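Open the model in your viewer and keep the sequence panel beside it. The tour goes from one selection to the next.

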Amino acid sequence: MMKEHIEEAEKVLLHTYNRYQVVFDHGDGVYLYDEEGKKYLDFVAGISVFALGYNNKEYNDALKNQIDKIIHTSNYYYNVPAIEAAKKLTKAAEMDRVFFTNSGAEAIEGALKAARKYAYLKDGCTDHEIIAMEHSFHGRTMGALSVTGNPKYREAFEPGIGLIKFAKMNDLESVKALVSDKTCAIIFETVQGEGGIYPATDEFIKGVRKICDEKDILLILDEVQCGMGRTGYMFAWQKYGVKPDIMTVAKALGCGVPIGAFLLTEKVAQNSLKAGDHGTTYGGNPLACAAADKVLEIFAQSNIISNVRTVGDYLYDKLEEIKTSVPGVVAHRGVGLIQGLEFDKPVAPIINKALEKGLVLINAGANIIRFVPPLVITESEVDAMIKILKECMSEV
Ligand SMILES: Cc1ncc(COP(=O)(O)O)c(C=O)c1O
């Protein structure tokens, strides 16, 4: 059955992914099941999405209830799930205003537009520059792609939105060298995800904040992957004692229902996007917002973030042990439940072998295995993962 479905898929879906040869059918807790009933321990969570674990009854019921009421209206009307989700999200993010999007890339688009409009309102010019980071990843739409640091993703689609410069993550001097009177924003992921799991250093994030304050440049922090509890903080920047002017979120915000958001301080909101400047048909619809509202409620009422800290530390120790004892493992980075193990060669064979053995892993760049499980994972499930990982490493 699985083989036929894969063959059918290859005939009709645009080939933009080299997919693993598996068709997942359903999930429960931290386990996925393929169409033939095989069970897999999931350390990917749909790439940092399914924070709550699969088949969470409270979450499923909230969606079912909303489906029976109304799924979509339009942003020309108010809806209660959007108001409730916005209240909870602005509180959790310590920001003032939110715009709901359908994805992470769209959240980035909105953030970039807000920053350019903010600068435009100050001097009436349209030649403002944005500083982004090398090895960053912000999404595949034109604006998000333009600030994505990996030239491989951008090359065929240049010139993008233009006036983007790339500095080095965690190298403050490289940022300073690029700042000019035309700089309107500096954007980076608080923990770089796709680029190889590089958390911002304390010195870097504080230094960039200082530059932004001195020159009225907006700091945009992309929390699409590292936000929503994944680092052991609701948002990764909350650990550093500095605050962004604009923040983006998606992935675990809807736990599978497509929703993202960009959030702004009141000052930026009052001096940037106005009625008519930005919009979306689906963004913030009642179904997506019912999902986000329930996710945010569960985050506020459960011990999910303290679980990330405890189990994240446990995972950290186990991966450190592998780093020091297994030849070919060259680095280990990360925090909470976003960690990476870097090898001296491509990790695809290990990931394929793990899949055979019922463990779902994913890479971040060719040589790094990224560990981003559901946030409800336990220490014994970490043990189970480590056992299979060790077998795979010795077999390939
Ligand atoms: C940090 C970061 N920003 C933005 C995006 C884009 O999000 P989406 O795939 O929902 O458009 C991603 C996706 O992986 C991401 O990791």
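The stops below are a glutamine in a loop, a sheet with a helix on it, and a pair of helices. Keep in mind that this is a predicted model.

**Stop 1: glutamine 238**

Select glutamine 238, in the loop that runs between strand 10 (218-222) and strand 11 (246-249). Is this residue buried or exposed? Its relative accessibility is 19%, so glutamine 238 counts as buried, the cut-off for buried being under 20%. Now show the side chain of glutamine 238: it reaches the backbone oxygen of alanine 92 at 2.9 Å. Leaving aside residues up to four places away in sequence, glutamine 238 touches Ala92, Ala93, Glu94 and Tyr233.

**Stop 2: the four-stranded sheet**

Next, select the open sheet of four strands, which has the order 13-14-17-16 and antiparallel pairing. Strand 13 (329-335) and strand 16 (362-363) are its edge strands, each pairing on one side only. Six antiparallel bridges join strand 13 to strand 14 (residues 338-343). To find one bridge pair, pick valine 329 and its partner in strand 14, phenylalanine 343. Then add helix 12 (residues 304-325), which packs on the sheet and touches strand 13, strand 14 and strand 17 (368-371). The direction of helix 12 makes about 170 degrees with that of strand 13.

**Stop 3: helix 13 and helix 14**

Finally, select helix 13 (residues 348-356) and helix 14 (residues 379-395). Their axes come within 9 Å and cross at roughly 125 degrees; the two helices are therefore oblique to each other. The crossing is right-handed. At the contact, Ile350, Lys353 and Ala354 of helix 13 meet Leu389, Cys392, Met393 and Glu395 of helix 14.

Notes. Residues numbered from 1 in each chain as written. Predicted model: local features only at pLDDT ≥ 70, side-chain atom pairs only at ≥ 80, totals over all residues. Heavy atoms only, no water. Buried < 20%, exposed > 50% of the residue type's maximum accessible area, 1.4 Å probe, protein only. Polar contact = N/O pair within 3.5 Å; in protein donor to acceptor, adjacent residues only side chain to side chain. Contact = heavy atoms within 4.5 Å. Pairing = 2+ DSSP bridges. Axes fitted to C-alpha atoms, helices over the stretch in contact; angles between N-to-C directions. Parallel < 35°, antiparallel > 145°, perpendicular 65-115°, else oblique. Left-handed = near helix turned anticlockwise from the far one by under 90°.
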